[in-house]
Amino acid sequence: MDKLFKQRMKKLLQDDYENFEKALLQKPVKSFYLNPLKKDVISHLEQRFLTPHPYIKNAYFFDYDNYPVGKHPYFNCGLYYIQEPSAMAVANCVDFKEDDYVLDMCAAPGGKTCFTANQLSDQGLMIANDINKLRAGILSENIERFGIKNTIVTNCDPVKLEKHFNNFFDKIILDAPCSGEGMFRKLDQAIKTWSIDKINECAYIQRKLIDSAYKMLKNDGILIYSTCTYSLEENEEQVDYMVKQLNMELLAIKKQPGMTSGYQNDKVVRMYPHLNKGEGQFIALLKKHDEESKIGKIKLLKPNINKEQLDLINKFYLDNLKVKIPPLLYNSNNHIYAILPQFPELKGIRVLRTGLYLGECKKRRFEPSHSLALTLTKNDVKRYYDYKADDKEITKYLHGETLLGTNQKGYGLILVDGYPLSFYKESNNQIKNLYPKGLRR
């Protein structure tokens, strides 16, 4: 590690520095939280390799050497989200209301988004953004796998969202880009790229994002500010700016096991690997107070499918499903989405996902999406095959192979222990594999 980094950390931690340095030599800790949209998940997992998280409900540490849950078919079914345990604490620090409008400004890969979106009802709204095209794609895939319907995924500089959302959001998550000091144990790249110049560059970007978040928050709205770094420039000094320059109220965070106070600040949270079962993290909650701020007018997204498209969708649902077509449908170049009444129109913003992606209207037919499959159950479809997680058919299907059928002509659902994995299409006793090629293994 850089000598200057060590000097700075010794000044910050003083007598506790040796314990911190020893902790960096230990193996990283792995954890996940369960998808609340899926029932009875924990009973299907090998609990001898799991340890319950001390304060996050339905979250667990796991022994990844003996139980690599990321390689299990249950992962592909969206039964859980694998997230670094300290990062998991960020969204857990806030009580979200069912009808909250929430923005995750720098959302990829999506752990905080999925955790939050599942606490919102159909009256709520989640907008998840990432500036990086590749990371925004991964964000969209993770939301798809979790079967989330109330979320819009965008790919832009978060500052560009200001023109659409003036004093709009109840809560904003700003997990700001940072120097990554808290990831030294987990990522060698974080050590190699560390420098004071990087800290200053990140602090500059963070300040711009904070100003932008402030403009998009409602009066009495809450900003959840977090980083995975230790530097004062990126943490407590940013909080001081929000309190002194933006007149925001710093809210106290209840200290949970492994959390400690910030530097000369008892209301914020710091998490260190020698005190907490996880990596480094900083968290602060701030409330906006600006009674003169007025909510800007939002142009809503309107359903726009034509009769031909609706007929194709109707036919698919009648032939293959036992559920009703969602009431509000939006067409984007023949790609059909189920939207909610409160969804905003985002002209000029690159949108990757607008609610639940149902599928594509092609010539004389409707092709269902993988997203739709992951929201269904065996009771929602007219045909299905339900396999055990360790059945060879599931291994073959995840590889992209065709399976032998029983002459149930049409679309159906491949299930793993009752949980949806993918659509298939059967004809002539052949189960055509519809698992997305980019996800096959």
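Here are five short exercises, with worked solutions, on the predicted model shown above.

**Exercise 1: the pocket**

Find out how much space lies in the largest pocket, and what lines it.

*Solution.* Start with the general idea: rolling a probe the size of a water molecule over the atoms shows where empty space is left. In this model, the largest pocket holds about 1300 Å³ of space. Next, look at its walls. The lining is made up of 48 residues, and those nearest the centre are Ala108, Pro109, Arg135, Asp175 and Cys228. Now ask which elements give two or more residues to that lining: they are strand S4 (80–82) and the helices H4 (85–92), H5 (111–117), H6 (133–145), H7 (188–192) and H8 (196–216). H8 gives the most, with 5 residues. Last, sort the lining by character, and you get 25 nonpolar, 10 polar and 13 charged residues.

**Exercise 2: cysteines**

Work out how many disulfides a search of the whole structure finds, then check Cys202 and Cys228.

*Solution.* Recall that a disulfide is a covalent bond between the sulfur atoms of two cysteines. To count here, the two sulfurs must be within 2.5 Å. The search of the whole structure turns up 0 disulfides. Take Cys202: the nearest cysteine sulfur belongs to Cys178 and is 6.3 Å away, and Cys202 is in no disulfide. Then take Cys228: here too Cys178 supplies the nearest cysteine sulfur, at 3.5 Å, and Cys228 is in no disulfide. One more step for Cys202: its relative accessibility is 9%, so it counts as buried, given that buried means under 20%.

**Exercise 3: backbone oddities**

Look at the peptide bond from Ala108 to Pro109 and say whether it is cis or trans; then look up phi for Asn333 and Asn407.

*Solution.* Keep the usual pattern in mind: most residues other than glycine have a negative phi, and most peptide bonds are trans. The bond from Ala108 to Pro109 has omega near 5°, and it is cis. Pro109 sits in the loop between strand S5 (101–104) and H5. Moving on, Asn333 has a positive phi, near 55°, and belongs to the loop between strands S14 (329–332) and S15 (335–338). With 69% relative accessibility, Asn333 counts as exposed. Asn407 also isn't a glycine, yet its phi is positive, about 65°. You'll find Asn407 in the loop between S20 and S21, and its 53% relative accessibility makes it exposed.

**Exercise 4: one face of a helix**

Which residues of helix H12 are buried, and what covers them?

*Solution.* H12 runs over residues 392–399, and its buried residues are Ile394, Tyr397 and Leu398. Look down the helix axis: the buried residues fall within an arc of 95°, so they line one face of H12. Their cover includes helix H3 (73–76) and the strands S19 (384–387), S20 (403–404), S21 (410–416), S22 (419–427) and S23 (430–433). Right after H12 comes Gly400, with a positive phi near 100°.

**Exercise 5: two leucines**

Describe the surroundings of Leu223, and find how far its C-alpha atom is from that of Leu398.

*Solution.* First, place Leu223: it lies in strand S9 (residues 217–227). Its relative accessibility is 1%, so Leu223 is buried. Setting aside neighbours within four places in sequence, Leu223 has contacts that include Ile172, Leu174, Ala213, Met242 and Ala284. Finally, the distance: the C-alpha atoms of Leu223 and Leu398 are 40 Å apart, with their positions 175 residues apart along the chain.

Methods:
Residues numbered from 1 in each chain as written. Predicted model: local features only at pLDDT ≥ 70, side-chain atom pairs only at ≥ 80, totals over all residues. Heavy atoms only, no water. Buried < 20%, exposed > 50% of the residue type's maximum accessible area, 1.4 Å probe, protein only. Helix = DSSP H or I, 4+ residues; strand = E, 2+ residues; numbered from the N terminus. Arc of directions from axis to C-beta. Contact = heavy atoms within 4.5 Å. 1 Å grid on protein atoms, 1.4 Å probe; cavity = no way out; pocket = protein on both sides within 12 Å on 5 of 7 lines; lining within 4 Å. Points joined across faces, edges and corners; volume = space filled by probe spheres on them. Nonpolar A, V, L, I, M, F, W, Y, C, P; charged D, E, K, R; others polar.
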